[in-house]
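Good morning, and thank you for the invitation to present at this meeting. Please take a moment to look at the sequence and the model before I begin.

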Amino acid sequence: KNKSKTKPIWKPKDLESTIRILPYRHGRDPFCILYFHYELGKTKSALCAQNFAKPCPICEFAESLRAEKTEESLEMFKQVASKRRVYIPVVVRGKEKEGPKFCAISKGNYELLIGYFMNPEYGDITHPTEGTDLVVEFSPPGQAGLKYGKSVIKPKRNKSLLSEDKATVISLIKSVPNIFEVFTEQSYSELKNILDDYLNPAEHT
């Protein structure tokens, strides 16, 4: 299985970075919407089987909790239910040689970027010659009472080339991996083991 260190994931660390969203040749648009189960015991995140239109034992358990309708079961439902995460393929300006990475964006930034896509003044901001770079302003955890940190995305005023070198443009677009090569499918039994480990940690130590 992939280890998180090897995943091509980009998270802002500097107070300001510039990125460019790359065309995503594996889908209709660059917004990769995934569902995960988070913080289940020792498992930090598990890709929900419903991403692949398959039954998910964790979702089945979550639905049984919701059906109970007790305060305790609804609280646990919130913990185990799948949560949406949106990823976009990007290249970090000044670090193009590192290749494409995926960047998770908040609900607010997702809505903001959809707005730019729908705005005729911006159009397809991923376009290799007519697209737009984005400035990411990052507030780290602890600043202004933030628990996890916060990123604000702003488009630059002018359109720009992805690269002046045509071969670089082709290489960057071609080397964007499928999101499901980065986050790989787990079987029903693997997900069931994660759930069992979470519910009965003493039996799985």
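Is K101 buried or exposed? K101 counts as buried, since its relative accessibility is 19% and the cut-off for buried is under 20%. I should say at once that what we are looking at is a predicted model, and every value I quote is computed from it.

K101 is a useful place to begin, as it takes part in a salt bridge. Its partner is E98, and the closest N and O atoms of the two lie 3.4 Å apart. E98 is partly exposed, with a relative accessible area of 49%.

How many salt bridges does the structure hold? There are nine salt bridges in the structure. Let me describe two further examples, each placed within a helix.

The first example belongs to helix α1, which covers residues 57-68. Here the side chains of R66 and E63 meet in a salt bridge, at 3.0 Å from N to O. Because R66 and E63 are three residues apart in this helix, about one helical turn separates them. R66 is partly exposed, with a relative accessible area of 41%. E63 also counts as partly exposed, at 41% relative accessibility.

The second example belongs to helix α6, residues 188-199. K192 forms a salt bridge with D196, and their closest N and O atoms are 3.2 Å apart. These two residues are four residues apart in the helix, so they too are separated by about one helical turn. K192 counts as partly exposed, at 34% relative accessibility, whereas D196 is buried, with a relative accessible area of 19%. Elsewhere, salt bridges that share partners join R20, R93, E96 and D133 into one network.

The two helices I have just named also meet each other. Two packed helices are described by the angle between their axes and the distance between the axes. For α1 and α6, the angle is about 50° and the axes are 8 Å apart. The two helices are therefore oblique to each other. On the side of α1, the contact is made by P57, I58, E60 and F61. On the side of α6, the contributing residues are Y188, L191, K192, I194, L195 and L199. You will notice K192 in this list; it is the residue that forms a salt bridge with D196.

I turn now to the strands. Why is strand β1 described as largely enclosed by the rest of the structure? The reason is that five of the six residues of β1, residues 16-21, are buried. Strand β6, residues 134-139, runs antiparallel to β1, and four bridges join the two. Strand β4, residues 83-92, is also antiparallel to β1, and is joined to it by three bridges. I19 illustrates both pairings: I19 stands opposite L134 in β6, and its bridge partner in β4 is V92.

Two loop residues deserve attention next. T132 lies in the loop between α3 and β6. T132 is buried, with a relative accessible area of 2%. Leaving aside neighbours within four places in sequence, T132 is in contact with R20, Y122, I125, P155, K156, N158 and K159.

L162 is found in the loop between β7 and α4. L162 is buried as well, with a relative accessible area of 3%. Which residues does L162 touch, not counting those up to four places away in sequence? They are R20, L22, V91, R93, P128, V169, L172 and I173. R20 thus appears among the contacts of T132 and among those of L162. In addition, L162 and Y24 are 138 residues apart in sequence, and their C-alpha atoms are 14 Å apart in space.

Finally, let us consider the cysteines. A disulfide is a covalent bond between the sulfur atoms of two cysteines. How many disulfides does a search of the whole structure find? It finds zero. C56 is in no disulfide, and the nearest cysteine sulfur, that of C48, is 3.8 Å away. The cut-off for a disulfide is 2.5 Å between sulfur atoms. C56 is buried, with a relative accessible area of 1%. For C103, the closest cysteine sulfur is in C32, at 12 Å, which is too far for a bond. C103 is likewise buried, with a relative accessible area of 6%.

That concludes my presentation. Thank you for your attention.

How values were computed
Residues numbered from 1 in each chain as written. Predicted model: local features only at pLDDT ≥ 70, side-chain atom pairs only at ≥ 80, totals over all residues. Heavy atoms only, no water. Salt bridge = Lys/Arg side-chain N within 4 Å of Asp/Glu carboxyl O. Buried < 20%, exposed > 50% of the residue type's maximum accessible area, 1.4 Å probe, protein only. Pairing = 2+ DSSP bridges. Contact = heavy atoms within 4.5 Å. Axes fitted to C-alpha atoms, helices over the stretch in contact; angles between N-to-C directions. Parallel < 35°, antiparallel > 145°, perpendicular 65-115°, else oblique.
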